[in-house]
Amino acid sequence: MSSPNNDIRALQGRQVTHNFDICLTPDHDDYQLERVRRERVYAWHTRLGLPSYAKMKQAVRTSPGIDITEADVDLLPWNAQQRLDRREYERWQAESEAKGQT
């Protein structure tokens with residue numbers, strides 16, 4: 001019997017797909033595309049423990065080594081409670097990728 005953490009069926013339908021644009025280096029042509037910047041901010045949001053909008057902005061201001069700006073934080077869809085709306089983020093990313101735009 002598998003544990004709930006290892007059960008693939010429990011994860012189906014909840015997985016976020018990424019194209020790993022976060023791996024681009026600053027000298028890459030697409031590094032400053034809005035879609036790529038949004039994906040980098042999303043990755044940092046996860047690394048920082050899913051902070052609120054205000055805490056995310058503070059972390060960007062005060063933490064060395066973060067490769068995003070406060071303006072990049074504004075690219076994510078935040079709700080009225082200052083929490084990230086993950087479904088809206090996924091929708092935006094899918095639309096951007098489908099259009100082949102920023």
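User: What share of the area that the chain exposes do carbon and sulfur atoms supply?

Analyst: This is a predicted model: local features need pLDDT of at least 70, side-chain atom pairs count only at pLDDT 80 or more, and totals for chains, interfaces and linings use all residues. Residues are numbered from 1 along each chain as its sequence is written, and side-chain values use heavy atoms, with hydrogens and water left out. Accessible areas come from the Shrake-Rupley method with a 1.4 Å probe; for residues, only the protein chains shown count as cover. The chain exposes about 7000 Å², and the carbon and sulfur share is 49%.

User: Which pattern does the chain follow along the sequence?

Analyst: Helices (H or I, at least four residues) and strands (E, at least two) are DSSP runs, numbered from the N terminus. The chain has five helices and zero strands. Its pattern reads α-α-α-α-α.

User: Against which helices do the buried residues of α3 pack?

Analyst: Buried means under 20% relative accessible area, exposed over 50%, partly exposed in between (1.4 Å probe, protein chains only). Helix α3 (residues 53-62) buries Met 56, Lys 57, Ala 59 and Val 60. These cover an arc of only 160 degrees around the axis, so they sit on the same side of α3, where the arc is that of the directions from the helix axis to the C-beta atoms. The buried residues pack against α2 (34-47) and α4 (70-73).

User: Which residues are exposed on the other side of α3?

Analyst: The buried set of α3 holds Met 56, Lys 57, Ala 59 and Val 60. On the other side, the exposed residues are Lys 55, Arg 61 and Thr 62.

User: How many residues apart are Tyr 42 and Tyr 89?

Analyst: Rings of Phe, Tyr and Trp (its six-membered ring) pair if their centres lie within 6.5 Å; planes under 30 degrees apart count as stacked, over 60 as edge-to-face and the rest as tilted. The count comes to two aromatic pairs. Tyr 42 and Tyr 89 are stacked, at 4.1 Å centre to centre and 0 degrees between the planes. The pair links helix α2 to helix α5 (residues 86-99), and the two residues are 47 residues apart.

User: Is Tyr 89 buried or exposed?

Analyst: Its partner Tyr 42 has a relative accessible area of 11% and is buried. Tyr 89 has 1% relative accessibility, so Tyr 89 counts as buried.

User: What is the angle between the planes of Tyr 53 and Trp 78?

Analyst: Tyr 53 and Trp 78 form an edge-to-face pair, 5.4 Å centre to centre. Tyr 53 lies in helix α3 and Trp 78 in the loop between α4 and α5, so the pair ties together parts 25 residues apart in sequence. The angle between the planes is 70 degrees.

Note on methods
Contact means heavy atoms within 4.5 Å.
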